[in-house]
Amino acid sequence: MAEEPWHEARLIPTSGINGAEEQERRATSALPAVMVAVREFGRALTKPFSAPSGNLDAFIEVPFVLGERRLYPDGLLRVRRGQKSWTALIEVKTGRNELGIEQIENYLDIAKEQGFDAVITISNQIPPVVGQHPTKVDKRLLRKVALHHLSWTQVLAEAVMQKEFRGVADPDQAWILGELVRYLEHPRSGALEFEDMGESWVAIRDGVRAGTLRPNDKGVDEVAARFDALLRFAGLELGRTLGAEVTTVLSRKELAEPAVRTQGLIASLVSDGGLSGAVRIPDTVGNLVVTADLRARTITCHVDIDAPREGRPATRVKWLVRQLRNAPESVRVEAFVAHSRGAGAAELLRDVREDPALLIVDPKKELRSFRVAMSAPMGAKRGRGRGGFIDSVLDTVDGSYADVMQHLKAWSAAPPRVRAVPEDDAESRTSDSLVSTSLSSQDGAEPA
């Protein structure tokens with residue numbers, strides 16, 4: 001009998017899932033159970049929410065009475081350590097289901113009455129700014145109870161990083177965590193990836209190309225927010241591959257006031273037809289800047305790197321080219337000189353390899369930095385798949401890091417060398433008298 005159609009036995013099976021309700025029930029039960037079983041993973045998810053380190057207990061569909069209604073939050077987490085305890089209610093959504101404001105506010109009221117610490121929501125919604133919640137609840141309800149959010153992409157990234165990179169002490173627990181990863185990666189689990197730029201994407205895209213887009217047009221703020229969410233998703237996906245925490249780059253003001261970031265993106269979209277943001281990857285030479293030019297229909301990723309502080313201009317260019325020996329010929333390299341403004345000299349890598357002098361406009365001026373950029377055609381569709389905007393951004397980010405950024409290293413000066421002592425001077429040190437020709441720190445280099 002052929003074994004191909006047989007379903008292999010799994011700790012968390014995907015077979016038999018027939019709808020969103022079943023997806024949510026399995027996900028709600030599986031995730032807290034694995035958090036309890038794998039102590040390191042449970043700690044990784046609860047620590048950012050100010051939970052103490054201790055014994056974790058998890059429950060599902062816990063009943064509570066609010067007024068005249070009986071409500072059932074999807075789950076409850078409780079961490080105990082000595083006399084201290086931390087408790088949070090959980091609300092879970094899978095697939096395309098979005099969180100409901102009324103439901104979350106009810107759970108915040110329950111948490112306040114019960115003296116709980118937090119309400120945690122889990123869904124496929126990715127807020128544009130870290131720490132921001134995808135829904136807008138009444139802020140008065142957050143005075144006593146904290147509201148946190150996890151996207152399924154973030155949960156999956158944490159699970160992979162814990163198992164593959166940080167490590168799990170117990171082999172059996174590591175296997176259990178691997179089963180959760182396998183389940184969440186399956187399309188039927190409902191833990192979907194970022195897959196839609198929103199219903200306003202086509203109208204905004206066409207408005208940019210026609211030059212008719214206005215800041216107050218319908219949906220422009222949604223497109224700006226979804227672009228930032230896409231950057232966060234790209235960072236989580238790249239971080240899951242690298243085993244590192246890849247974060248979006250935001251100013252303090254943008255972190256404190258997310259609306260500032262959104263308004264900046266809208267202004268850029270209207271004036272220049274572009275959307276831009278950056279991600280920070282640990283131990284790299286700089287931030288990876290991602291720019292979507294809707295007019296030119298291109299996606300560009302670039303990184304800036306400081307030039308060496310010594311050597312002739314051609315030597316500095318060759319230093320960079322050596323690090324890009326495996327990069328595609330179509331990569332663009334731009335050189336900036338000291339005390340200059342505006343664009344620098346730019347050439348394709350294939351031409352710079354043949355003649356480094358192409359990036360040297362004035363040999364008398366000092367080269368201070370380089371910009372290395374990779375561009376690709378922009379997808380036009382709002383969703384995933386071939387010809388989609390989302391896939392074109394993700395592919396360019398991954399390709400830029402793999403082909404360019406991971407090979408770049410910052411320049412460092414060579415350590416000073418011990419100056420050689422002439423033989424005749426070494427012999428004079430053994431004599432009783434001080435010879436006037438002895439080596440001094442004030443002497444210059446010996447002539448060749």
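In what follows, Ala, Val, Leu, Ile, Met, Phe, Trp, Tyr, Cys and Pro count as nonpolar, Asp, Glu, Lys and Arg as charged, and the others, Gly among them, as polar. The model is predicted, with local features requiring pLDDT of at least 70 and side-chain atom pairs pLDDT 80 or more, while totals for chains, interfaces and linings use all residues. Residues are numbered from 1 along each chain as its sequence is written, and side-chain values use heavy atoms, with hydrogens and water left out.

The description begins with strand S6. Helices (H or I, at least four residues) and strands (E, at least two) are DSSP runs, numbered from the N terminus. Six of the six residues of S6 (residues 118–123) are buried, so this strand is largely enclosed by the rest of the structure; buried means under 20% relative accessible area, exposed over 50%, and partly exposed in between, for a 1.4 Å probe and protein chains only. Ala118, Ile120 and Ile122 point one way from S6, whereas Val119, Thr121 and Ser123 point the other way, and all are buried.

S6 has parallel partners in S5 and S7, where pairing requires that DSSP find at least two bridges between two strands. Strand S5 (residues 84–92) runs parallel to S6 and is joined to it by five bridges, with Ile90 opposite Ile120. Between S5 and S6 the chain passes through helix H3 (residues 101–114), forming a right-handed β-α-β crossover; with the strands pointing away from the viewer, the path from the first strand over the helix to the second runs clockwise. Strand S7 (residues 146–151) pairs with S6 in the parallel sense over six bridges, and here Ser123 stands opposite Ser151.

The loop between S5 and H3 contains Lys93. Why does Lys93 count as buried? Its relative accessibility is 15%, so Lys93 falls in the buried class. Beyond its neighbours within four places in sequence, Lys93 is in contact (heavy atoms within 4.5 Å) with residues including Glu24, Glu98, Ser123 of S6 and Trp152.

Internal and open spaces come next. On a 1 Å grid over the protein atoms alone, a cavity is a set of points where a 1.4 Å probe fits but cannot get out, a pocket is an open set with protein on both sides within 12 Å along at least five of seven lines, and lining residues have an atom within 4 Å of a point. Grid points are joined across faces, edges and corners, and a volume is the space filled by probe spheres set on the points. There are four cavities of 30 Å³ or more, and the largest has a volume of about 70 Å³. Among its lining residues are Ile90, Ile120 and Ile122; helix H1 (20–37), helix H2 (39–46) and S6 are the elements that give two or more residues to this lining. The lining comprises nine nonpolar, one polar and no charged residues.

The largest pocket has a volume of about 1300 Å³. Of its 38 lining residues, Gln125, Ile126, Pro127, Pro128 and Pro134 are the closest to its centre. Helix H7 (220–242) gives the most to this lining, with six residues, and the lining holds 16 nonpolar, 10 polar and 12 charged residues. The second largest pocket encloses about 680 Å³; Val130, Gln154, Glu158, Arg232 and Glu245 are the closest to its centre among 29 lining residues. That lining divides into 13 nonpolar, 11 polar and five charged residues.
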